[in-house]
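Me: I've got a structure here and want to check the reasoning behind a few labels. Can we go through them one by one?

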Amino acid sequence: MKIVMLGTGYVGLVSGACFSDFGFDVTCLDKDKLKIKNLKNGVMPIFEPGLEDLVKKNFLSGRLKFSTDQRAHVKNADAVFIAVGTPTRRGDGHADLTYVYDAAKEIASYLNGYTVIVTKSTVPVGTSQKIKEIIKKNTNAEFDVVSNPEFLREGSAIEDFMRPNRVVVGHENKKSKTVLASIYKPLFLFETPILYTDLKSAELIKYASNAFLAVKISFINQMADLCEQLDTDINDIAKGMGLDKRIGNKFLHPGPGYGGSCFPKDTLALVQTSKQNDVNLSIVETVVRYNRDRKKSLARKIINLMGGDVTNKKISVLGLSFKPGTDDMRESPSLDLIPELLKKKAKITAFDPVAKNEAKKFLKKIKYAESIHECIKGSDCVVLLTEWSEFRSLSPEFLSGLMEGKYIFDFRNVLDPNVFKKSKFKLYQIGREKI
Ligand code: UDX
């Protein structure tokens with residue numbers, strides 16, 4: 001089985017590396033020559049735990065190749081996965097499908113013999129059908145289009161790919177279904193459910209799943225807002241809700257608002273789909289708005305607790321990426337919080353175990369520390385914004401030797417409030433008390 005992965009971003013690179021680890025012959029293609037050159041030299045374009053080792057191992061075995069030459073590889077492929085980006089189109093919230101359609105056109109001109117074209121990128125309902133039409137116009141070769149959305153999370157991408165909760169395959173006939181069944185055969189060992197459905201349903205399952213999770217997070221965040229007013233504890237509320245098996249305890253962790261490359265983009269795109277079809281999707285619309293507002297309001301909480309004025313106050317921010325385990329800064333709460341605090345003339349020092357270089361592209365007027373210690377030294381207020389594991393053991397003993405002030409903002413509720421109770425510090429956590 002020869003697999004071609006078109007687009008070597010997060011999804012393309014992880015999927016390509018994992019398929020090669022399953023034993024298939026995989027070529028990852030990208031137009032970015034530098035990225036391909038770096039990958040051949042073992043330099044990863046992203047930080048993802050375990051990825052570098054997996055890529056190196058399979059590259060050295062010869063099963064995983066990197067190239068910019070579409071023609072040579074597409075013509076020999078049994079399956080070509082489209083894993084290019086589908087960013088939000090500027091201005092209207094629709095998914096920008098330019099890269100997907102360009103890819104389809106190019107693939108068509110190189111097809112030779114029967115090939116299955118697989119949409120791995122997250123694409124709105126109807127896109128796979130359009131891909132099929134584009135390819136049909138540009139080739140006489142035999143082909144089928146399949147929709148196979150990817151559910152991996154950044155930070156646990158390899159584990160998610162290797163042991164997924166489910167695989168979704170939208171297809172139109174037995175021939176293409178058989179090809180996908182062989183590609184995912186290695187997962188039979190773990191008894192992974194494979195859902196075979198039609199093209200449009202597969203596309204919608206991905207959006208519906210991400211939107212549902214975004215709703216769940218926003219629900220618990222709104223409950224946390226309510227808990228602050230009622231003087232009740234969101235951690236107990238979430239625990240009590242999560243014990244109900246119908247609700248489940250996952251994605252009930254309150255925080256500063258969801259970020260990343262998927263939830264913000266996919267919820268917006270789904271709202272656009274609902275509008276185009278004249279269907280009321282007000283739940284998701286509200287979540288999109290609420291999450292944006294939530295991230296924008298983070299600074300206000302800090303300013304209020306610090307007495308209304310943060311001019312020249314030294315605020316230390318721990319964690320910049322949108323979640324731990326990644327250097328991805330897309331839609332990270334830090335991009336809302338820090339500029340707002342800078343506007344109010346606070347002095348910001350930040351530390352992130354891996355996202356410093358990425359963060360520097362977006363956050364210019366702050367100091368970047370090399371360690372927690374350096375970040376916190378002389379600080380008036382510490383803000384824990386991303387729950388990297390090394391931040392979980394912050395204690396009054398450690399902090400009192402370094403900090404000037406007494407304010408600790410734990411926007412991820414990972415610190416133990418009992419430890420801080422008898423100290424000089426004022427620990428604030430989400431949904432646990434009124435500010
Ligand atoms: C998500 C989906 O989980 C994945 O299936 C899809 O393929 C891509 O989008 P990812 O963006 O990598 O994955 O991160 P995820 O772990 O889902 O977290 C998304 C955001 O929600 C983060 O900002 C995270 O901090 C936030 N979150 C998550 C919460 O605030 N509370 C929670 O309980 C869970």
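Me: What makes the pair between the ligand oxygen and F151 a polar contact?
Reply: In this predicted model, an oxygen atom of the ligand sits 2.7 Å from a polar backbone atom of F151. The cut-off for N or O pairs is 3.5 Å, so the 2.7 Å pair counts.

Me: How do you know that H253 and R412 make polar contacts with the ligand too?
Reply: Same kind of check. For H253, a polar backbone atom is 2.9 Å from a nitrogen atom of the ligand. For R412, a polar side-chain atom is 2.9 Å from an oxygen atom of the ligand. Both values fall within 3.5 Å, so both pairs qualify. As for cover, the protein takes 91% of the 670 Å² of accessible area that the ligand has on its own.

Me: Why are F151, L152, E154, G259 and K323 counted as being around the ligand?
Reply: A residue counts if one of its heavy atoms lies within 4 Å. There are 18 residues around the ligand, and these five come nearest. By class, the shell holds 9 nonpolar, 3 polar and 6 charged residues. Helix α9 (residues 199-230) gives the largest share, 3 residues.

Me: What makes this a ligand shell drawn from two domains?
Reply: Domain 1 (2-197) and domain 2 (242-429) each put at least three residues into the shell.

Me: And how do you know that the two domains touch, with 33 Å between their centres?
Reply: That 33 Å is taken over C-alpha atoms, centre to centre. The contact itself takes 16 residues from domain 1 and 17 residues from domain 2. Contact means heavy atoms within 4.5 Å, so the domains do touch by that rule.

Me: What is the buried area between them, and which residues of domain 1 stand out?
Reply: About 1200 Å² is buried between domain 1 and domain 2, with 53% of it on carbon and sulfur atoms. On the domain 1 side, F47, H94 and E154 supply 46% of the area buried against domain 2, more than any other three residues. E154 is also among the residues that come nearest to the ligand.

Key: Residues are numbered from 1 along each chain as its sequence is written. This is a predicted model: local features need pLDDT of at least 70, side-chain atom pairs count only at pLDDT 80 or more; totals for chains, interfaces and linings use all residues. Side-chain values use heavy atoms; hydrogens and water are left out. A polar contact is a pair of N or O atoms within 3.5 Å; within protein, one must be able to donate a hydrogen and the other to accept it, and residues adjacent in sequence count only if both atoms are side-chain atoms. Accessible areas come from the Shrake-Rupley method with a 1.4 Å probe; for residues, only the protein chains shown count as cover. Helices (H or I, at least four residues) and strands (E, at least two) are DSSP runs, numbered from the N terminus. Ala, Val, Leu, Ile, Met, Phe, Trp, Tyr, Cys and Pro count as nonpolar, Asp, Glu, Lys and Arg as charged, and the others, Gly among them, as polar. Domain bounds come from an automatic or database domain assignment. Buried area is the accessible area (1.4 Å probe) that two parts lose on being put together, summed over both.
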